[in-house]
Amino acid sequence: MMRQLLIHGLDAKTIHLIQSAVSDALYVRPVAKETLEAALGESDALALVQEQGSIGESIRERAERFDAIFGQAPIGITISHGLSPGDTIIDEILTVNPKFEEIVGYSKEQLLRLGWSAITHPEDLEREREPFRRLLSGEIPSYTIEKRYVRPDGSTVWAEIVVAPINVGRDDYYNHICLVQDISQRKLIESSLKESERSKGVLLSHLPGMAYRCKNDADWTMLYVSPGCERLTGYSQESLLNSREISFNDLIAPSYVQQVHRDWKEAIASGLSYSGEYEIITRLGERKWVWELGQGIVSENGTVDELEGLILSINYRKRMEADLLYHSRHDLVTGLYNRRHLEELLDTTCAGRGGEHCALVAVNLSSLHASAMTYGYLYSQEILKEVAQQLQALCKPAYTLSVIHEYQFVFHIQGYAGKEELKSLADAVREQLSTPLAMEGIGWGIGIVEVGQKGGDAQDLLRKLLVVSEQALQRWGSESTHLFFDEQMETQLYREEQITGELSAIASGEGTGRLYLVYQPVITIADGSVAGFEALARLEIPALGIISPLQFIPITERTKLIIPLGDSIIIEALRFLGTLYKRGYEGLTLSINISALQLLKKEFSPNLLRTIRAMGVKAQNICLEITESIFAANYQEINRILKPLRNAGIKIAIDDFGTGYSSLARERELEVDCLKVDKFFIDKLSHISEDRSITSDIISMAHKLGHCVIAEGVEEEVQLQYLAKHGCDKVQGYLFAKPMDEERALQYLSQHTR
Ligand code: C2E
Ligand code: CA
Ligand code: CA
């Protein structure tokens, strides 16, 4: 029964003091035992009543004691009276103690005037009306309520009050005592607690996963799971709690269970938190990646009986990771593995482990680049996809197919039965590709590198593979379509490296080698006069001798060294032109070979025109030879580049006409001056009957378009006869002269000028 007077936060001693104070008050005005019981509890009331009889001390002494306690109590006390039940005035205050004044901020005098309902917050007054009514009617012996008082400054103060009837004398009035404790602080804490609970709730319900607390047992029996559980697992909170429908352990994909248990055990043993990624299987049976972060809860006796943590869905991240991983290892067009994957594969399988022999079989495609430029990117992508599929169909379990370069496919073969197996793969490739590629006019070559027991560096192997497959590609059209990488190629590879080194040294003004020009006369058929010269580059390296441009020009193009080296070739050729002027030859034409890379460089034309002016030579005496394959790119673009050069008087000749991509039909669209008919057609003139040769057609067509025709590689009289008969304009070839150095070219000129 004591509980009725218990107010939170008061210790037993204080309560006793208050009780004594009240009892003193009651002593002054004896009270009915029931009221006393309601206020103090049965036993206390009884004790008090008994005490009353036996106490002989003076009333004054008692009153003093009452005043002291009433005045010093750390709790607000009011004794008020209203009219008897049924009367309307109910809130008159009889007396208050200083603590109460302090709590509500009014003085005793003000309070006696105001009454308690005036200082009670209107909302709470409403709430209090009912229990107060019941107290008055005797339905209840007392009531406890939390309510707000409004202080003079308008602020509110929360209080917990206990109200009980008490009889303090004015018999016609109905009296009661009210004990008041300021609980503003507690209310503040409560509301911030409520707020933090609320935000925790918001956090938990929006978690991309769930928070949990579970037993540290084999099932991970869940004691609490947050609402996100259902979204994460498909199971409701209830079905997971206490493993009612399923245990968390059973949600984990079986292949991870052991690992998760092991990691948790370790984390608990070392007092660390657990963090792990694994898959769960949802109610619908789908696998989902989750990330769990948790910690053991250490009980008072030091054991970890429960665990607590978060399980978050990381499906999206895992998918992205998988995508990234996929993209980093695959070619996006064909879906095959890419170079990086192959390199790693080579590093693990061929890095000199002395294990099984492995081999690389590369398939290189030609002219796809040109198709891409002619028919568009998508078209060539389609061809690539088609080829990828065809090759994929040839894969056996030990084969891995990659596409490592634009248009270079590679089979990596782990442990093969010998050259025969590789050959038969090459045959199968040929079989498979012949139809689709031949129709597209695309050539291909197959290069094979066998990796011996001593293995090899991935980069080195792939370079060899490129060399051998490019060589195989050059042989396209001949009987054998595959080539094995051999010692000779190794030597050649080494030679190419030396040349490359020398070329870059020359480009930077160093090096022991020499890049120079030789000149081959071009003869006018009609009168046998020298029309001019073609400048042809030579490279001389002390260790290797004189190297053909057929070998080093492609290297300069690959390494982009053609840009600086091409510039010095132009300057050297123009210098020779100047020398011709000095010797009195003003009307000759000097032809310079220009590679596509040079021409496509933005500043090519203005630079050339500037150089021509600076060197005091005439544009009319210069012819640029460009191969026709360059026009396959975008002839309008090439025409645009050539225009200012032609306007200045420079002539443009199409070199190697008939071997490249462009057709006769295309030729009319090219804004050029001459065609140089390739040696291939001239060679045919010696053993094909005249009426079957198309050379005459080329000549007449070129004439119709207003172009002059030069035949190159003329070695025999019969060829010259044919060309003369069909009106070819000029010739060039060993029949007249081989390319010669400057001195001999000048000598030739003086001998052949009348
Ligand atoms: P090209 O422009 O078609 O040059 C003609 C090639 O045929 C030259 O080979 C020449 O020496 C050779 N030739 C001429 N008449 C005969 C003949 O009657 N019989 C035979 N068998 N061959 C003959 P070269 O000098 O080895 O040049 C090869 C190619 O290298 C040239 O072919 C040209 O495409 C390229 N090239 C040469 N010099 C340069 C240069 O300065 N810049 C660029 N970009 N390419 C060059
Ligand atoms: Ca040429
Ligand atoms: Ca040529």
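Me: Two strands count as paired if DSSP finds at least two bridges between them. With that rule in hand, in what order do the strands of the open sheet stand?

Reply: Happy to walk through it, keeping in mind that this is a predicted model. The open sheet has 5 strands, and reading across it gives β7-β6-β10-β9-β8, with antiparallel pairing. The edge positions belong to β7 (222–225) and β8 (274–281); each has a single partner strand, so one side of each has no neighbour in the sheet. On average, neighbouring strands are turned by 25° against each other, direction ignored.

Me: How many bridges join β9 and β10?

Reply: β9 and β10 pair in the antiparallel sense over 9 bridges. To place one of these bridges, look at Ile-297, whose partner in β10 is Glu-306. The two strands form a hairpin with 5 residues between them, and in the turn Gly-302 has a positive phi of about 85°. On the way to the other edge, β6 (residues 209–215) pairs with β10 (residues 304–313) over 7 bridges, again in the antiparallel sense. There, Tyr-212 stands opposite Gly-309 of β10.

Me: What should I remember about side chains when reading such a strand?

Reply: In a regular strand the side chains alternate between the two faces of the sheet. As for what packs on this sheet, helix α13 (residues 315–329) lies across β8, β9 (287–298) and β10 and runs at about 125° to β9.

Me: Now the metal sites. Which residues are the protein donors of the calcium ion (ligand 2)?

Reply: A donor list gets more useful once you set it beside the sequence. For the calcium ion (ligand 2) the protein donors are Glu-534 (OE), Asn-593 (OD1), Glu-625 (OE) and Asp-655 (OD), at 2.0 to 2.3 Å. Their spacing in sequence is E-x58-N-x31-E-x29-D. Within that set, Asn-593 in strand β19 (residues 589–593) and Glu-625 in strand β20 (residues 622–627) link distant parts of the chain, 32 residues apart.

Me: Are those two residues, Asn-593 and Glu-625, buried or partly exposed?

Reply: Compare each value with the cut-off: under 20% relative accessible area is buried, over 50% is exposed, and partly exposed lies in between. Asn-593, at 28%, is therefore partly exposed. Glu-625, at 2%, is buried.

Me: Which residue bridges the calcium ion (ligand 2) and the calcium ion (ligand 3)?

Reply: Asp-655 does, and the two ions lie 4.3 Å apart. The calcium ion (ligand 3) has as protein donors Asp-655 (OD), Asp-656 (OD) and Glu-712, the last listed with two OE entries, at 2.0 to 2.6 Å. The sequence pattern here is D-D-x55-E. Because Asp-656 sits in strand β21 (residues 651–657) and Glu-712 in strand β23 (residues 708–712), the pair ties together parts 56 residues apart in sequence. Asp-656 is partly exposed at 25% relative accessibility, whereas Glu-712 is buried at 11%.

Me: On to the interior. How many residues does the largest nonpolar core have?

Reply: A core can be read from its best-connected members outward. This one has 75 residues, and those with the most contacts inside it are Phe-533, Leu-624, Ile-650 and Leu-723. Helix α21 (residues 562–582) gives the largest share, 9 residues. Beyond residues up to four places away in sequence, Leu-624 touches several others, among them Ile-592, Phe-604, Leu-645 and Ile-652. Another core, of 30 residues, lies apart and includes Leu-384, Tyr-399, Leu-401 and Val-429.

Me: What does the span of helix α18 come to?

Reply: Compare the end-to-end distance with the expected rise. Helix α18 (residues 458–474) has 17 residues and reaches 24 Å from first to last C-alpha, close to the 24 Å expected at 1.5 Å a residue. Its buried residues include Leu-461, Leu-465, Val-468 and Ala-472.

Me: How many helices and strands does the chain have?

Reply: There are 29 helices and 24 strands. Of the 754 residues, 46% are buried. Among contacts with a separation of 6 or more, 62% join residues 24 or more positions apart.

Notes. Residues are numbered from 1 along each chain as its sequence is written. Chains are lettered from A and ligands numbered from 1 in the order in which they are written. This is a predicted model: local features need pLDDT of at least 70, side-chain atom pairs count only at pLDDT 80 or more; totals for chains, interfaces and linings use all residues. Side-chain values use heavy atoms; hydrogens and water are left out. Donors are N, O and S atoms within 2.8 Å of the metal (3.2 Å for Na, K and Ca); water is not among the atoms, so sites may look incomplete. Helices (H or I, at least four residues) and strands (E, at least two) are DSSP runs, numbered from the N terminus. Buried means under 20% relative accessible area, exposed over 50%, partly exposed in between (1.4 Å probe, protein chains only). Axes are lines fitted to C-alpha atoms, for helices over the stretch in contact, and angles run from 0 to 180 degrees between N-to-C directions. Contact means heavy atoms within 4.5 Å. A nonpolar core is a set of buried Ala, Val, Leu, Ile, Met, Phe, Trp, Tyr and Cys residues joined through side-chain atoms within 4.5 Å. The expected span of a helix is 1.5 Å times one less than its number of residues.
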